[in-house]
Amino acid sequence: KYVISQDETRQEQTESQNDTGNNDTSSDEQISSEEDNDNQGIYILGTDKMSDYSVSGMLKAVKEINENIDDDKTKGIILIGDEQYMDYLSYFISLTVEDKKPLVIIKNLNDDTKQAELINQVKMYINGNADSLPDGCIVNRNSQGIYDLSDSKALPDVDIIYDYPGKNVDGLSKDIYINDGTVVVSSMNNAVLFDDIQTIISQNNIGPVVVTCSIDTLKSGNLKDYGDNVYYTDMEPFKARILLMLLLNNKSDQDSIKKAFMHIE
């Protein structure tokens with residue numbers, strides 16, 4: 001009888017605690033609630049990671065980011081991308097998303113536990129509870145202005161070709177003419193191109209051509225003039241391709257294109 005009586009007493013106390021909210025878990029629930037409030041307005045875009053790095057995929061991602069970042073309730077955005085595309089992704093976003101709110105690009109770790117831990121660390125940074133981010137995270141920063149893609153359904157076609165002796169001239173000529181623009185990766189740091197490519201890019205009726213060279217060559221100004229539609233840059237080819245697509249989409253004039261690639265303010 002004593003055991004039964006004590007059990008009934010404990011049951012009554014438990015029910016009373018549940019009714020009044022006075023129980024041992026109240027402190028934990030309060031902490032959990034505060035954490036939930038801190039994380040409200042921090043969006044992780046995509047289900048687990050970005051997987052489409054085509055031009056259409058990038059356009060879709062940027063539009064989704066801009067829609068969310070313009071929301072007054074948004075405090076920050078976390079975008080998960082494959083490690084080998086991090087530089088490509090961050091450069092595209094730096095030119096198309098204004099850095100008025102934190103946007104942090106993190107790599108896909110292919111491990112749910114580690115990914116959740118990394119996301120929580122980034123959330124703490126966005127909430128101002130951490131001074132720095134783990135290694136490998138990239139915070140969006142604008143450096144060359146913003147290109148508005150809100151009304152864009154596609155971007156101009158820009159291809160990258162490599163300059164080398166014996167290049168198939170017929171194939172090269174076709175590639176250059178069917179694209180809206182071309183990035184030529186020169187074999188030489190001084191941007192001297194082989195004769196066949198020189199002949200093709202010097203024609204007046206081709207789209208804009210950007211030739212890569214070393215930073216020293218760019219600064220020297222000792223650059224061969226292939227025509228008004230040929231520009232030089234020390235940028236990496238994939239960055240030059242992205243920038244040329246955005247410049248053409250923006251209907252930039254020749255002077256603006258030249259300044260953008262030569263880093264002229």
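The turns below ask about the fold, the core, the helix packing and a few single residues of this predicted model.

Me: What kind of model is this, and how are its residues numbered?
Reply: This is a predicted model, in which local features need pLDDT of at least 70 and side-chain atom pairs count only at pLDDT 80 or more, while totals for chains, interfaces and linings use all residues. Side-chain values use heavy atoms, with hydrogens and water left out, and residues are numbered from 1 along each chain as its sequence is written.

Me: How many helices and strands are there in the protein chain?
Reply: Helices (H or I, at least four residues) and strands (E, at least two) are taken as DSSP runs and numbered from the N terminus. On that basis the protein chain has 10 helices and 8 strands.

Me: What percentage of the residues in the protein chain is buried?
Reply: A residue is buried under 20% relative accessible area, exposed over 50% and partly exposed in between, with a 1.4 Å probe and protein chains only. Of the 265 residues in the protein chain, the buried share is 37%.

Me: Which element supplies the largest share of the largest nonpolar core?
Reply: A nonpolar core is a set of buried Ala, Val, Leu, Ile, Met, Phe, Trp, Tyr and Cys residues joined through side-chain atoms within 4.5 Å. The largest one has 39 residues, and those with the most contacts inside it are Ile65, Leu89, Ile93, Ile242, Leu243 and Phe261. At least two residues each come from β1 (42–50), α3 (55–69), β2 (76–81), α4 (86–94), β3 (103–107), α9 (237–249) and α10 (254–261). The largest share, 7 residues, is from α9.

Me: With which residues is Ile65 in contact, leaving aside its neighbours within four places in sequence?
Reply: Contact here means heavy atoms within 4.5 Å, and Ile65 is one of the residues with the most contacts inside the largest core. With its neighbours within four places in sequence left aside, the partners of Ile65 are Leu45, Ile77, Leu79, Ile93, Val97 and Leu103.

Me: How many of the residues of α4 are buried?
Reply: The buried residues of α4 are Met86, Tyr88, Leu89, Ser90, Tyr91, Phe92, Ile93 and Ser94. The helix α4 is thus mostly covered, with a buried count of 8 of its 9 residues.

Me: Is α3 roughly parallel or oblique to α4?
Reply: Axes are lines fitted to C-alpha atoms, for helices over the stretch in contact, and angles run from 0 to 180 degrees between N-to-C directions. Angles under 35 degrees count as roughly parallel, over 145 as roughly antiparallel, 65 to 115 as roughly perpendicular and the rest as oblique. The axes of α3 and α4 come within 11 Å and cross at roughly 55°. That angle makes the relation of α3 to α4 oblique.

Me: Which residues of α4 do Met58, Val62 and Ile65 in α3 meet?
Reply: By class, this contact of α3 with α4 has 7 nonpolar, no polar and no charged residues, where Ala, Val, Leu, Ile, Met, Phe, Trp, Tyr, Cys and Pro count as nonpolar, Asp, Glu, Lys and Arg as charged, and the others, Gly among them, as polar. On the α4 side, the residues met by Met58, Val62 and Ile65 are Tyr88, Leu89, Phe92 and Ile93.

Me: How many charged residues does the contact of α4 with α9 have?
Reply: The two helices pack at an angle of about 30°, with their axes 10 Å apart, and α4 and α9 are therefore roughly parallel. In this contact Asp87, Tyr88, Tyr91 and Phe92 in α4 meet Phe238, Lys239, Arg241, Ile242 and Leu243 in α9. By class there are 6 nonpolar residues and no polar ones, and the charged residues number 3.

Me: Is Asn110 buried or exposed?
Reply: Most residues other than glycine have a negative phi. Asn110, however, has a positive phi near 55°, and is found in the loop between β3 and α5 (112–126). Because its relative accessibility is 67%, Asn110 counts as exposed.

Me: Is Ala191 buried or exposed?
Reply: Ala191 also has a positive phi, about 65°, although it is not a glycine, and its place is in the loop between β6 (181–185) and α7 (195–201). Ala191 is among the contacts of Thr212. Since its relative accessibility is 3%, Ala191 counts as buried.
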